[in-house]
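Subject: A structure for you to look at

Dear colleague,

I am passing on the structure below, together with an account of what was found in it. Please keep it open beside this message while you read.

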Amino acid sequence: MAAAHRYWSWLEDGLNLIAAAAIFFLMFVGVFQVIGRTVFDTAINGYIDYMEQASALFAFLGISYAQRVGAHIRMDLLLRGFSLRFLWSMELFCVLVAMVVITVLIDSTYLNFQRAWQLGDSTIDINLPIWPTKLLVPVVLAVLWVRMALQSIDYVRLIRHPQAQPIAVPVIETIEVQAQHEIEEALGREETAHEEKRS
């Protein structure tokens, strides 16, 4: 489990890094587009088409990473105070429901890709092929599905041994622990600022 989690995490980190690079690139191109239109009276040909296609990178590539670290919005307030076995059981139930939904989405988005491939679907302005973007969605959802499968296995292990150390699942922190981490982060920033002033 630990090895599978570690190797799959490398893939998720790589996809998340590509998503971050895509955001940086889109910001750079957007600034270049604005400056080019206002100062040099020129524009990037097919700018809107490129932006529409590239936006799928940062919209989808990071979802498995977010699932791994628990960065998505969670509603775990009601679960606080219950036993760990009940908590892990609820987490397992939610992940299994999500896997069913993701399975349906993988099938439907792959059919959508096949349709775009067979019809030669393209963007309106510069006729940019859109099948790569549509293929990206089921591939990324498949990565997310594997992540959820790893989490399901780990949740089953945690249900059997509630006090065991979580491996492939995000650890739910209490409000006190979250506040302590925020304090430590703020104090760390203050100490860094004081050291920069001294230097």
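Phe113 is a buried residue, with a relative accessible area of 10%, where buried means under 20% relative accessible area, exposed means over 50%, and partly exposed lies in between, all with a 1.4 Å probe and protein chains only. Trp131, by contrast, is partly exposed, because its relative accessible area is 30%.

Before going on, please note that this is a predicted model, in which local features need pLDDT of at least 70 and side-chain atom pairs count only at pLDDT 80 or more, while totals for chains, interfaces and linings use all residues. Residues are numbered from 1 along each chain as its sequence is written, and side-chain values use heavy atoms, with hydrogens and water left out.

The overall picture

The protein chain has 6 helices and 0 strands, and these terms refer to DSSP runs numbered from the N terminus (H or I with at least four residues for a helix, E with at least two for a strand). Of its 199 residues, 31% count as buried. If one takes the contacts in the chain with a separation of 6 or more, residues 24 or more positions apart account for 72% of them, contact meaning heavy atoms within 4.5 Å.

Aromatic rings

Rings of Phe, Tyr and Trp (its six-membered ring) are said to pair if their centres lie within 6.5 Å, and the pair is stacked if the planes are under 30 degrees apart, edge-to-face if over 60, and tilted for the rest. By this rule there are 6 aromatic pairs. In one of them, the rings of Trp88 and Tyr155 have centres 5.9 Å apart and planes at 35 degrees, so this pair is tilted. Since Trp88 belongs to helix α4 (residues 84-119) and Tyr155 to helix α5 (residues 131-160), the pair ties together parts that are 67 residues apart in sequence. Both Trp88 and Tyr155 are buried.

The two residues with which I began, Phe113 and Trp131, also form a tilted pair, with 6.2 Å from centre to centre and 55 degrees between the planes. Phe113 lies in helix α4 and Trp131 in helix α5, so this pair ties together parts that are 18 residues apart in sequence. Ring pairs link Phe113 and Trp131 with Tyr110 and Trp117 into a cluster.

How helix α1 packs

Two packed helices are described by the angle between their axes and the distance between the axes. Here axes are lines fitted to C-alpha atoms, for helices over the stretch in contact, and angles run from 0 to 180 degrees between N-to-C directions. The axes of helix α1 (residues 2-38) and α5 come within 11 Å and cross at roughly 150 degrees. That makes α1 roughly antiparallel to α5 (angles over 145 degrees count as roughly antiparallel, under 35 as roughly parallel, 65 to 115 as roughly perpendicular and the rest as oblique). Among the residues that meet in this packing are Trp8, Glu12 and Leu15 in α1, with Val143 and Arg147 in α5.

Helix α1 also packs against α2, at an angle of about 160 degrees and with the axes 9 Å apart, and the two helices are therefore roughly antiparallel to each other. The residues that meet here include Ala22 and Leu26 in α1, and Met51 and Ala54 in α2. Ala54, which is found in helix α2 (residues 47-60), is buried, with a relative accessible area of 16%. Although Ala54 and Leu26 are 28 residues apart along the chain, their C-alpha atoms are separated by 7.8 Å.

Three residues to inspect

What does Glu12 contact, once its neighbours within four places in sequence are left aside? Glu12, whose place is in helix α1, is in contact with Ser64, Tyr65, Arg68, Val143 and Arg147, and it is buried, with a relative accessible area of 0%.

Arg68 has its place in helix α3 (residues 63-69) and counts as buried at 14% relative accessibility. With neighbours within four places again left aside, the contacts of Arg68 include His5, Glu12, Asp13 and Arg147.

Trp145, in helix α5, is partly exposed, with a relative accessible area of 32%. Trp145 and Ile102 are 43 residues apart in sequence and 6.6 Å apart in space, C-alpha to C-alpha.

With best wishes
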